[in-house]
Amino acid sequence: MGEADLNFVCGRVKPITVGIVGPESAGKTTILGAFYLLIGRGVLTTDASSFSNSYTLAGWEAVATCLRWKPGQPPTFPPHTPSGAARAPGMLHLGFRREDGSLRDLLFADAPGEWFQKWAINEQAADAEGARWIARHADVTLLIADRQALAGPKMGAARNDFQLLAQRAVAEARGRRLALVWTKGDVDVTPAMEAQIRTAVASVSSSVPEFTVSVYPRGEIEAADGFRELFGWILRTKRAGVDLPTTEATGHDPFFRFGRR
């Protein structure tokens, strides 16, 4: 979906928009593909929130096809999300039906890491408009920490890039839900590096939730467990309520609720 398609989804109720913010090759698209495949297996849904529909099944299939087993071809990771001149990310839609019969729509932004890297350096960069769009509209932000990069030969550069991106993402969240998501959780990272990454997001709150995901099992932890915990947290997102001001107006006509002239 593009920006022009969003009016169709928003006609019923404003959906929850999820922004996945992280550097290039950090596993952002893999998270989306894993969500889709696990929903198909019934792993991420419950009686309290069952899958209802999607307006972007073709898009989900394009994201997840590399993660499937095929005859004579083992699964691979999704290709790099291309960076272009788009001013908004591609959106993937999922709809869920809750126990009370109401529907909840989720939109997931699939965006290239180059947008976020340029946005972290310069908020007003001309080719970072897509990242600014996500920062403005995301109800939920998943801040991605790539464990493979943070344990590799360029770990220092990866740490500095993450700290810069985290500073920008935390500032733009403005109290909205934000989580730290460790990708490639089967890779070991030194405790000192983990502490520095956590410190980078501590300015927003000392209780930012953390999740670790991996397509490979980690000891006795099944690969699906991390994705299940993360997706459950996303589904529990609620919009802030609105407190209407009290008035002294009398009568029952709602057009005069805030007084008469």
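These legends describe close-up views of a predicted model.

**View 1. Seven strands form one open sheet.**
The strand order is β2-β3-β4-β1-β5-β6-β7. The pairing in this sheet is mixed. Strands β2 (49-53) and β7 (210-212) stand at the edges. Each edge strand has a single partner strand, so one side of each is left without a neighbour in the sheet. From one strand to the next, the twist averages 30°.

**View 2. At one edge, β2 pairs with β3.**
These two strands run in the antiparallel sense. Four bridges hold the pairing of β2 and β3. Look for N53: G95 in β3 stands opposite this residue.

**View 3. Strand β1 sits between β4 and β5 in the sheet order.**
Strand β1 covers residues 16-21. With β4, β1 shares four bridges, and the two strands run parallel. One residue to find here is T17, whose bridge partner in β4 is L107. With β5 (residues 140-146), β1 also runs parallel, again over four bridges. Two residues of β1 help to trace this second pairing. V18 has V140 of β5 as its bridge partner. V21 stands opposite L143 in β5.

**View 4. Strand β1 is covered on both faces.**
In a regular strand the side chains alternate between the two faces of the sheet. In β1, one side carries I16, V18 and I20. The other side carries T17, G19 and V21. How many of the six residues of β1 are buried? Six of the six are.

**View 5. Strand β5 is mostly covered too.**
Seven of its seven residues are buried. V140, L142, I144 and D146 point one way from β5. T141, L143 and A145 point the other way. Residues on both sides of β5 are buried, D146 among them. Strand β5 also pairs with β6, in the parallel sense, over seven bridges. To trace this pairing, start at I144 of β5, whose bridge partner in β6 is V181.

**View 6. Helix α3 has a buried side and an exposed side.**
Helix α3 spans residues 57-64. Which residues of α3 are buried? They are W60, V63 and A64. Seen down the helix axis, the buried residues fall within an arc of 85°, so they line one face of α3. The face turned away from them carries the exposed residues A58 and A62. What covers the buried residues includes α2 (28-40), β3 (90-98) and β4 (103-110). Helix α3 lies across β3 and β4. Its direction runs at about 110° to β3.

**View 7. Helix α8 packs on the sheet.**
Helix α8 touches β5, β6 and β7. The direction of α8 makes about 160° with that of β6.

**View 8. Helices α4 and α7 pack against each other.**
Helix α4 spans residues 113-121, and helix α7 spans residues 155-173. Their axes lie 8 Å apart, at an angle of about 80°. That angle makes α4 roughly perpendicular to α7, because angles of 65 to 115 degrees count as roughly perpendicular. Helix α4 makes the contact through F116, W119, A120 and I121. Helix α7 adds L164, L165, R168, A169 and E172. What classes of residue meet here? Seven are nonpolar, two are charged and none is polar.

**View 9. R174 has a positive phi.**
Most residues other than glycine have a negative phi. The phi of R174 is near 50°, although this residue is not a glycine. Where is R174? Its place is in the loop between α7 and β6 (177-183). Is R174 buried or exposed? R174 counts as exposed because its relative accessibility is 63%, and the cut-off for exposed is over 50%.

**View 10. K184 also has a positive phi.**
Its value is about 55°, and K184 is not a glycine. This residue lies in the loop between β6 and α8 (191-201). K184 is partly exposed, with a relative accessible area of 23%.

Technical notes:
Residues numbered from 1 in each chain as written. Predicted model: local features only at pLDDT ≥ 70, side-chain atom pairs only at ≥ 80, totals over all residues. Heavy atoms only, no water. Axes fitted to C-alpha atoms, helices over the stretch in contact; angles between N-to-C directions. Parallel < 35°, antiparallel > 145°, perpendicular 65-115°, else oblique. Contact = heavy atoms within 4.5 Å. Nonpolar A, V, L, I, M, F, W, Y, C, P; charged D, E, K, R; others polar. Buried < 20%, exposed > 50% of the residue type's maximum accessible area, 1.4 Å probe, protein only. Arc of directions from axis to C-beta. Pairing = 2+ DSSP bridges.
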